[in-house]
Amino acid sequence: MNESELDRYSRQLLLPNFDIQGQLKLAQAKVLVIGLGGLGNIAATYLATSGVGCLTLADGDQLESSNLPRQVLYDESQIGLNKVVAAAEQLAQKNAAVKIHTIAHKLSGESLSKAVEEADVVLDCTDNFTARQAINRACLALKKPLVSAAAIRWEGQLVSFLYHQKSTPCYECLYPSLSDQQLSCNESGIVAPVVGLLGVFQGLEALKLASGCGEVQHGLLRLFDGFEGRWRDMRLTPDPECAACSL
């Protein structure tokens, strides 16, 4: 590390359970963020400013004015841009040393598998169950750690799956057959700080996985009630009939 990097990351380097080794490992890590909405724009920001080596940003949507209350990485001048283009512009200004790759389309099939294979950690920041199940299966098949989050109304949830260490349970043990029509922020609404909080936690889990510092628990579902200001934890168990991980 050069003098500029030592100064920039000095507060992290002061931590005895992170230190220079954690920072160096973080600088070598490749993190894939799928979805640059309310979750992904926050998680990507903290990963970039913390010094992750490479961020791959994937999203096919354009920025709309209704996104701005909760997608605080962006500004009004970027309305109409693809979100990964807008995110890359902003993140480059926050930390020019981070390598940023953009995928300005929806990942699926072979393109999803290739992106997951090249990553050390995958963040599922999407907003539909079809995408989440596909991402889960790709991470499961390729044994990549997956950090998944979701938020709607006043509520949010966070769960990590350490497929590089353990194989069960998986995301589909939790949600085997939900429809994309069952939950939608467009119809049900969302409180902006709730989705931001979950994005921060996703960034934290990814930072711990990428640096090898801190504890990440496999299959621990964390449920947040923003209206009451309470967390509740549930330990997931494998579903013996799961279509994804029981094969």
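Here is a short walk through a predicted model, from one of its helices to its salt bridges and a surface patch.

Let's start at helix 7, residues 129–142. At 1.5 Å a residue, its 14 residues should span 20 Å, and the end C-alpha atoms are indeed 20 Å apart, so the two agree. At the N-terminal end, Asn128 acts as a cap, with a side-chain oxygen 3.3 Å from the backbone nitrogen of Thr130. Just past the helix, Lys143 adopts a positive phi of about 60°.

Much of interest here faces inward. The buried residues of helix 7 are Phe129, Ala131, Arg132, Gln133, Ile135, Asn136, Ala138, Cys139 and Leu140. Their cover includes strand 1 (30–34), helix 6 (109–117), strand 4 (121–124), strand 5 (146–152) and helix 8 (171–174).

Helix 7 also brings us to the salt bridges, of which there are five. In one of them, Arg137 pairs with Glu172, and the closest N and O atoms are 2.6 Å apart. This pair links distant parts of the chain, since Arg137 sits in helix 7 and Glu172 in helix 8, 35 residues apart. Arg137 is partly exposed, at 39% relative accessible area, whereas Glu172 counts as buried because its relative accessibility is 4%, under the 20% cut-off.

Another salt bridge joins Glu205 and Lys208 at 3.0 Å, N to O. Both residues lie in helix 10 (residues 192–211), three residues apart, or about one turn of the helix. Glu205 and Lys208 are both buried.

Finally, look at the surface: Met1, Leu6, Ile20 and Leu24 make a nonpolar patch of about 280 Å². Of these, Ile20 belongs to helix 3 (residues 19–27).

Note on methods
Residues numbered from 1 in each chain as written. Predicted model: local features only at pLDDT ≥ 70, side-chain atom pairs only at ≥ 80, totals over all residues. Heavy atoms only, no water. Patch = residues over 30% accessible without salt bridge, like charges linked within 9 Å, V, L, I, M, F, W, Y side chains within 5 Å. Areas by Shrake-Rupley, 256 points an atom, 1.4 Å probe, with all protein chains shown as cover. Salt bridge = Lys/Arg side-chain N within 4 Å of Asp/Glu carboxyl O. Helix = DSSP H or I, 4+ residues; strand = E, 2+ residues; numbered from the N terminus. Expected span 1.5 Å × (residues − 1). Buried < 20%, exposed > 50% of the residue type's maximum accessible area, 1.4 Å probe, protein only. Contact = heavy atoms within 4.5 Å. Polar contact = N/O pair within 3.5 Å; in protein donor to acceptor, adjacent residues only side chain to side chain.
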